[in-house]
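Below is a protein model to be read alongside its sequence. Some short questions and answers go with it.

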Amino acid sequence: MEAPSEAQLPRKTGGWITFPFITASSVGLTLAFVGWTSNLIVYLIKEFDVESIDAVQIANLVNGAGSLTPVLAAIIADSFLGCFSTIWISSIISLLGTLLLALTATVDSLRPKPCEVGSTSCTPKPKVQYVVLYAAIVLATLGSGGTRSTLSTIGADQLADKPKDQGIFFNWFFFFWYSASAIASTAIVYVEDNVSWKAGFFICVAANVLGSAIFLMGSRFYAKFKPKGSPFTSLARVIVASITKRQVALPSTAEDFFQGCNVVPKEALAVVPSKTFKCLNHAAIISEGDVKSDGSTTNRWRLCSVQQVEDFKALIKILPLWSTSFFLGTTVGVLFSLSILQALAMDRHIGPNFQIPAGSVFVFVLISTALFLALFDKFVLPTWKNLTGKSLTPLQRIGIGHVLNFVSMGVSALVESKRLNVAKSNKGSNIVAMSVLWLVPQLALNGIAEAFHYPGQVSLYYQEFPITLKNMATAMISVILAISFYLATALIDVVRKTSTWLPGNIINGRLDNVYWILVIGGVVNFGYYVTCAWYYKYQNLKEVDHIDSPSDE
């Protein structure tokens, strides 16, 4: 019998051959998104005559949506479409939005005509211009968010049989993500400020096209998995089942609780649900007609396994700690927005011929985070262990991030006080005779704080979540970022309505008072965090000693 030819053999999919395609597409799509979001505030102010604080609010809403959309995309990918389809559909939506945004910078009729302050001959701004602008922003944000989490997931799926290689993949994937973000917020923003908005936005369009094309080019190499169902559905079933059976008395024997379809008595002992949050235990009570003859459930929304109930309880236990991170992200949202306004009102020249784009100042956060993360394993962790004799736990790492976060707000307040004092001695000018480099310490401190608390949170959630909910670890961070940016928007809105600290021209305002409010809030939030951490008990004590600690040789 003749052996099948090489062309007839099934092609092996997955593995490291997919890495260049997935990473390159991530770089392209990141360049496209960060390239316009980094400079969005400046574009709204200069080209669409949007009030400075209103531009800040819009930017915060965009960043919030950009963080929340990946969670929704992950649910859609897990439950319906799968990662591959979600990514290519989202990349097309992102392309449409970015192209529409580029057209607002190209077609004169899609932008308000320039109008000098105090002029009586200004024509009314057509509403259709703002409809097109906001439609472009919404499409580009939704599309980009749809690719952010799913690209990393499909990349890890290609190495599903090699867990160690998955860790290497994530390290390099996020390295390229941070690098692309830094390039976009400097090089592309520089083109937008010094060449033209049209050129900068069309670079974003080209990057989006290239990223999408490279992703599709690697299609034949990807291992594509069918949707397995969202973990959120399992959690919802526990709630529904516990409510449905709330009148049923709780039994005392393990045999009366559903252990799961695949549990064989010889392999696993039947267990009774824990006594914490006893109301949820009703979801696992076996009633007449709940279980088929083959051991499966007749209605998955009426009966859950003990493990599913315990998984939900584990999530509830960590929610207080999770909620302490909202304020961390809120300060980042406020700092990101207000730093750009400060930069616009400061001397951004370095030498006689170069001027730092205002939209690029946040790159100092990215740089300090990346540099500190590079030093973390080699310097910070060994030093901590030498001083304390113990490894740095995730809770301690997050706590240090909290402290550095409100310290950076204090530095921001002091720098802003100095800027206002310099402005008073130079009345009549909208540009303060003070270098924008004064903003670097507060941004760098905030970046170092992020290097502590962001990976610390991912580590904590991944360590503490049940196996069935491990994929929710990064989703929890995305939800935090989304809520935080919306809280930043709400905070700025409240300050505007209740004080005169945030006028249209910040030279006449008191941004330092806003920062001092964040310092006070940060200290109070840190106290709340310490309380939650003090009462929290690690679920996986064995993992605490080696998480985030260098190997001992």
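The exchange below takes up the whole chain and then two residues.

This is a predicted model, in which local features need pLDDT of at least 70 and side-chain atom pairs count only at pLDDT 80 or more, while totals for chains, interfaces and linings use all residues. Residues are numbered from 1 along each chain as its sequence is written, and side-chain values use heavy atoms, without hydrogens and water.

Me: How many helices does the protein have?
Reply: Helices (H or I, at least four residues) and strands (E, at least two) are DSSP runs, numbered from the N terminus. Alongside four strands, the protein has 16 helices.

Me: Is threonine 369 buried or exposed?
Reply: Threonine 369 is found in helix 11, residues 363–388. Buried means under 20% relative accessible area, exposed over 50%, and partly exposed in between (1.4 Å probe, protein chains only). Because its relative accessibility is 2%, threonine 369 counts as buried.

Me: Which residue has its backbone oxygen 2.9 Å from a polar atom of the side chain of threonine 369?
Reply: Contact means heavy atoms within 4.5 Å. Leaving aside neighbours within four places in sequence, threonine 369 is in contact with Tyr178, Gly447, Glu450 and Ala451. The backbone oxygen at 2.9 Å belongs to glycine 447.

Me: What is the C-alpha to C-alpha distance between isoleucine 506 and glutamine 342?
Reply: Isoleucine 506 is found in the loop between helix 14 (472–498) and helix 15 (511–535). Its contacts beyond four places in sequence include Leu341, Gln342 and Ala345. Isoleucine 506 and glutamine 342 are 164 residues apart in sequence, and their C-alpha to C-alpha distance is 7.7 Å.

Conventions
Polar contact = N/O pair within 3.5 Å; in protein donor to acceptor, adjacent residues only side chain to side chain.
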